[in-house]
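Work through the exercises below on charged side-chain pairs. Try each task before reading its solution.

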Amino acid sequence: MCSVFLLGCQPVNQVSGLQRIIDRGYVTVGTLYGATSYYIEAEGPTGFEYELARQYADYLGVDLVVVPAYHLDDLFPKLDSGDVDFLAAGLAVTNKRLQEYSVAPSYDNVSQKLVFKQGNIRPRTLDALTGKFMVTARTSHAENLAKLKLTNDSLSWQESSELDVEELLLKVLEDEIDYTVIDSNALAMSRRYYPEISIGFTIKESESLSWLVSKENDTSILASLVEFFGEIHHDGTLLALDDKYYGHIEQFNYVDTRMFIKAIEDTLPEFRPIFEKHGQEVDWKLLAAISYQESHWDPKARSHTGVRGLMMLTLPTAKQMGIKSRLDPDQSIRGGAKYIKRMIDKMPDRIQYPDRLWFALASYNVGFGHLNDARIITERQGGDPDRWVEVKSRLPLLKQKKYYKTTRYGYARGDEPVNYVENIRRYYDTLDWMVEQTQNEEELLELETSETESLMIETNENTEEDTSTEIASPITSSDS
């Protein structure tokens, strides 16, 4: 009898690769450490590829075992040796990889961007690349450059097996190299922290990202991946996951990003203790991101509609939250924290995080009633009203009469809460990254200080021992 995964019939004495996974109770995935693939944060493992692989493990009803690597040179051998069942690392489908591996269905498309440091001369063509050019070895970037070299004799570059894409970006910023290449999705994430990275030109147009499976295995694992991706495409899971990681970073504003980073360094330290004080039920960094979107951390901010203070509370909301002075930073942040928590709790229980949070932020901006109107329109159109990625595309419809005339709360500038939420998500990501970087630097400094003190103590102890020996020697000699 054939497998339920439509794998074709296997000989009686042969166990399929998929069946081995199910029998042992776990599937192993090879991936890369990095912002777009897999990394560890305070709450545990995360990353686009990690979450997608976890969805696949759940689909099979088995546990997920992650086998991460730092470099591609370490990653592919894991698949070749059978240490992992497949690779999920944001890998582009290239001709070379198609020859060597089986490819699962595509789940995203990216383009390759040649980047340089803001302020330097922008290269617009391959002929304009006159400086030091470096990419990571064994990447699709290196493969594409080799292809371009066939028709561009003067093109030259270096390949590194040690440095990944983010490390090469830092080399560009530090003027150690002039150019590198990065995929468009990774660039969108990186520019939130490194706004001085600028795009020269697109060096390769859209290419598919896919998981890779060994050709040495039977087709059972690949067949199950085909069914899995078909299912998550159909039910919206893939769309929601893509929005979680990339939906809010499609647009990049250099000036706004630079201003925010400068405000984190210059303005936030004054208010950070207050955000932390009232960040017991809502992450203080989220409160700070909301506040920056609302007031740019100006405690005396005021809009034409009458909202005021760091959290830009309306007078009725301030009274509901027990706030007497909206201009007092402590009271304003306390009121904002209470109000956003109320919005989160007001969401239906079936709405899960992070969508629950995005809905709450939208309500903070446009009101719970208008948000529900957009959710109703989403449901009418066959979408999922509990997923932010689907509702945010309908919120702007509240500006159109043919839609808002059928709703309970009527007209609303529905594009504003969408921009509001996406801005806060970008601010939060940048702030979270900068706080983590500062903590890492402080921990490293503390470790270095501790090691230095230990070395000094050890040196002093050795010096004392040497002195004692020198003093005792004549006595010993005399006794003998």
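**Exercise 1.** Classify Lys-244 as buried, partly exposed or exposed from its relative accessibility, then describe its salt bridge with Glu-51.

Solution. In this predicted model, Lys-244 has a relative accessibility of 29%. Buried requires under 20% and exposed over 50%, so Lys-244 is partly exposed. Next, the partner: Glu-51 stands at 11%, so Glu-51 is buried. The N to O distance in this salt bridge is 2.5 Å. The cut-off is 4 Å, so the pair qualifies. Finally, place the two residues: Lys-244 belongs to helix 9 (residues 237-247) and Glu-51 to helix 2 (residues 48-60), 193 residues apart.

**Exercise 2.** Which parts of the chain does the salt bridge between Arg-192 and Asp-429 tie together?

Solution. Start with the contact: the closest N and O atoms of Arg-192 and Asp-429 are 2.3 Å apart. Arg-192 sits in the loop between helix 7 (184-190) and strand 11 (197-209), while Asp-429 is in helix 19 (residues 415-479), so the bridge connects parts 237 residues apart in sequence. For accessibility, Arg-192 is buried at 6%, and Asp-429 is partly exposed at 21%.

**Exercise 3.** Locate the salt bridge between Asp-330 and Lys-277, and state which residues salt bridges with shared partners join into one network.

Solution. Asp-330 and Lys-277 approach to 3.0 Å between their closest N and O atoms. Asp-330 is in helix 14 (residues 329-346) and Lys-277 in helix 11 (residues 268-277), so the tied parts are 53 residues apart in sequence. Asp-330 is partly exposed, at 22%. The network consists of Asp-243, Lys-392, Glu-422 and Arg-425. The count of salt bridges is 23.

Definitions and conventions. Residues numbered from 1 in each chain as written. Predicted model: local features only at pLDDT ≥ 70, side-chain atom pairs only at ≥ 80, totals over all residues. Heavy atoms only, no water. Salt bridge = Lys/Arg side-chain N within 4 Å of Asp/Glu carboxyl O. Helix = DSSP H or I, 4+ residues; strand = E, 2+ residues; numbered from the N terminus. Buried < 20%, exposed > 50% of the residue type's maximum accessible area, 1.4 Å probe, protein only.
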